[in-house]
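Work through the two exercises below. Each task is followed by a stepwise solution.

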Amino acid sequence: MTMRRALVTGITGQDGSYLAEFLLDQGYEVHGMVRRASTEKFERIDHLRDRLKLHQGDLLDHRSLVDALRASRPDEIYNLAAMSFVATSWIQPTLTAEFTGTGVTRLLEAMREVCPEARFYQASSSEMFGKVLEVPQVESTPFYPRSPYGVAKVYGHFITVNYRESYGLHASSGILFNHESPRRGLEFVTRKITWHAAAIKLNLRRELSLGNLDAMRDWGFAGDYVKAMWLMLQQDHAEDYVVATGEAHSVRECLEIAFDQAGLSIDDHVRLDPALRRPAEVEHLIGDPAKARERLGWAPAVGFEQLIRMMVDADLKLLGGT
Ligand code: NAP
Ligand code: G4F
């Protein structure tokens, strides 16, 4: 039997690295699209490099997308590439729209041209629910994005739905709630907290500055969430799914667990910095993953507290060199 082939954009990111591992375990030939930079930053996929086929490309460049698809001839395309940090989207709003919004259309157009029979996954986000209009959020909850990133993701979501309906593409959109891991970027709040907890414990830092401690998120483990992406593309019909744990926790709870794991007191080391608050905040996200559970048979395996303790342990190991 011939190996199934997958192309992953954003393969150097948190989710890309977990998805690549998962697909390799399933016996796929895994292709990844990577951007050229002055120095290569492939830490998250270093351990897989020999088993991956990488193609240079950028979501801003149609030619490179067509070439990456022609070279990889994928059965499945996972579009994980995006400018994914919400705070930066206020600083670079039009670039965010290009990467995170219009970039999806470019990739769908390239797919229509090169491999319309392939299956397509779009990395949509719970950030689209923003100032929530329903609790918990489900697939039919109306969107009310609160950042240029959220607005761009709404565009990416609906262009995926539109190409499915206009051209009959097998294109699914996963509305994923926050998911984290030891591979999470250092700018996101969970990893910022777990990294600083470890660094303070090891006397490498003295203080951690944070913004809004009351914000609540439905946080899961990235390793669990990439399986849901794959399951969506194994269905006969393309549809959209919410992927979440169904539990919300505050940034403060995350801080308490992380500092407890590191054996530190919050009062001695944490400072609130108003500059880290956002121009418009998403206060409370909580998803209902009933459709993913019932149709895909998906359920998260790692709970919130276990996740944060695991991230602190990983950062202690990373920084302690043990
Ligand atoms: P991430 O770690 O920030 O990774 C983003 C990836 O996109 C990186 O590989 C980055 O490449 C690549 N990229 C950025 N701009 C690009 C461009 N113009 N052309 C090609 N590649 C580009 O993000 P993540 O946490 O893995 O998230 C994966 C996707 O899921 C993103 O679309 C994100 O918006 C979405 N999402 C994430 C979450 C979450 O909680 N993690 C929740 C919902 C949705 P470089 O390495 O070169 O920068
Ligand atoms: O960790 P965050 O930066 O993640 P955010 O904004 O929820 O976005 C992440 O999840 C989305 C899914 O809902 C993805 F689509 C997106 O790509 C990304 O992966 O912030 C979480 C919360 C926010 O309310 C923020 O205001 O933490 C609050 N927060 C408080 N202090 C902070 C900080 N966030 C960051 N990054 N840094 C702080 O110092």
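Domain bounds here come from an automatic or database domain assignment. The model is predicted: local features need pLDDT of at least 70, side-chain atom pairs count only at pLDDT 80 or more, and totals for chains, interfaces and linings use all residues. Residues are numbered from 1 along each chain as its sequence is written.

**Exercise 1.** Describe the surroundings of ligand 2.

Step 1. Take the residues with a heavy atom within 4 Å of the ligand. For ligand 2 there are 25, and Ser-125, Ser-126, Tyr-149, Arg-278 and Glu-281 come nearest.

Step 2. Assign domains. Domain 1 (5-179 + 220-243) and domain 2 (185-217 + 248-284 + 302-320) each supply at least three residues to this shell.

Step 3. List polar contacts (N or O pairs within 3.5 Å). A nitrogen atom of ligand 2 lies 2.9 Å from a backbone N or O atom of Glu-187. An oxygen atom of ligand 2 lies 2.8 Å from a polar side-chain atom of Arg-217.

Step 4. Compute cover with the Shrake-Rupley method and a 1.4 Å probe. Alone, ligand 2 has 710 Å² of accessible area, and the protein covers 95% of it.

**Exercise 2.** Which polar contacts does ligand 1 make with Asp-58 and Leu-80?

Step 1. The side chain of Asp-58 places an N or O atom 3.0 Å from a nitrogen atom of ligand 1.

Step 2. At Leu-80, a polar backbone atom is 2.9 Å from an oxygen atom of ligand 1.

Step 3. Add the cover. Ligand 1 taken alone exposes 910 Å², of which the protein buries 87%.

Notes:
Chains lettered and ligands numbered in written order. Heavy atoms only, no water. Polar contact = N/O pair within 3.5 Å; in protein donor to acceptor, adjacent residues only side chain to side chain.
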